[in-house]
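Visitor: Pick one part of this and take me in for a close look, please. After that, walk me outward to the rest.

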Amino acid sequence: MKIVGIAACTAGIAHTYIAKEKLTQAGIEHGHTIHIETQGLAGQQDKLTPEEIAEADIVIIAADIKINGRNRFEGKKVVEVPTSLVVKSPNKLVEKLEEVHQGV
């Protein structure tokens with residue numbers, strides 16, 4: 001499965017980058033291709049390309065704030081969760097993404 005997404009927390013520091021790291025590790029461990037953009041104190045980093053979004057099977061938005069560029073994901077399956085859920089249970093979240101992708 002190809003997963004793309006955004007991580008963003010209120011302060012735009014710790015949880016943003018921890019969520020990205022944990023989600024990326026869990027996705028890879030489950031055999032998926034994953035690219036997470038961050039929107040934090042330093043602005044947008046690792047910005048998703050239109051091609052990556054077009055090829056994605058599912059989009060994860062791990063955010064505690066309003067994200068920029070949400071309209072890029074129109075027509076895609078989008079799962080939204082707080083960053084704390086990613087930090088605490090990244091593997092369970094990836095399993096949930098698999099279920100959503102499969103229509104379970």
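Guide: Let's start at a side-chain pair: glutamate 80 and arginine 70 meet in a salt bridge, 2.8 Å from N to O. That pair links distant parts of the chain, with glutamate 80 in strand S5 and arginine 70 in the loop between S4 and S5, ten residues apart. Arginine 70 is partly exposed, at a relative accessible area of 38%. Keep in mind that this is a predicted model.

The loop between S4 and S5 has another arginine to look at. Arginine 72 forms a salt bridge with glutamate 37, and here the closest N and O atoms are 2.9 Å apart. Glutamate 37 sits in strand S2 (residues 33-40) and arginine 72 in that loop, so this pair ties together parts that are 35 residues apart in sequence. How accessible are the two partners? Glutamate 37 is buried, with a relative accessible area of 0%, while arginine 72 is partly exposed at 22%. The cut-off for buried is under 20%, so arginine 72, at 22%, falls in the partly exposed class.

In total there are four salt bridges. One of them joins glutamate 55 to lysine 2, with 3.5 Å between the closest N and O atoms. Glutamate 55 belongs to helix H2 (residues 50-55) and lysine 2 to strand S1 (residues 2-8), so parts 53 residues apart in sequence get tied together. Both ends are partly exposed: glutamate 55 at 49% relative accessibility, and lysine 2 at 36%.

Now go back to S4, this time for a residue in the strand itself. Alanine 63 is in S4, which covers residues 58-63. With a relative accessible area of 17%, alanine 63 counts as buried. Leaving out residues up to four places away in sequence, alanine 63 touches Ala8, Val81, Pro82 and Thr83. From the C-alpha of alanine 63 to that of proline 90, 27 residues apart along the chain, the separation is 14 Å.

Proline 90 brings us to helix H4, since Pro90 is one of its buried residues, along with Leu93, Val94 and Leu97. Looking down the axis of H4, you'd find these buried residues within an arc of 100 degrees, so they line one face of the helix. An α-helix has 3.6 residues a turn, so residues three or four places apart point the same way. What lies over the buried residues of H4? The cover includes S1, helix H1 (14-29), S4, S5 and helix H3 (83-88). Turned away from that buried side is a face carrying the exposed residues Lys92 and Gln102. The length of H4 checks out too: its 13 residues (90-102) should span 18 Å at 1.5 Å a residue, and the end C-alpha atoms are 19 Å apart, which agrees. After H4 comes glycine 103, with a positive phi near 80 degrees.

Stepping right back, the chain has four helices and five strands, in the order β-α-β-β-α-β-β-α-α from the N terminus on. Its radius of gyration is 12 Å, close to the 13 Å the globule rule gives for 104 residues, so the chain is as compact as a globular protein of that length. Of those 104 residues, 38% count as buried. And among contacts between residues at least 6 apart in sequence, 62% join residues at least 24 apart.

Note on methods. Residues are numbered from 1 along each chain as its sequence is written. This is a predicted model: local features need pLDDT of at least 70, side-chain atom pairs count only at pLDDT 80 or more; totals for chains, interfaces and linings use all residues. Side-chain values use heavy atoms; hydrogens and water are left out. Helices (H or I, at least four residues) and strands (E, at least two) are DSSP runs, numbered from the N terminus. Buried means under 20% relative accessible area, exposed over 50%, partly exposed in between (1.4 Å probe, protein chains only). Contact means heavy atoms within 4.5 Å. The expected span of a helix is 1.5 Å times one less than its number of residues. The arc is that of the directions from the helix axis to the C-beta atoms. The radius of gyration is taken over C-alpha atoms; the globule rule is 2.2 Å times the number of residues to the power 0.38.
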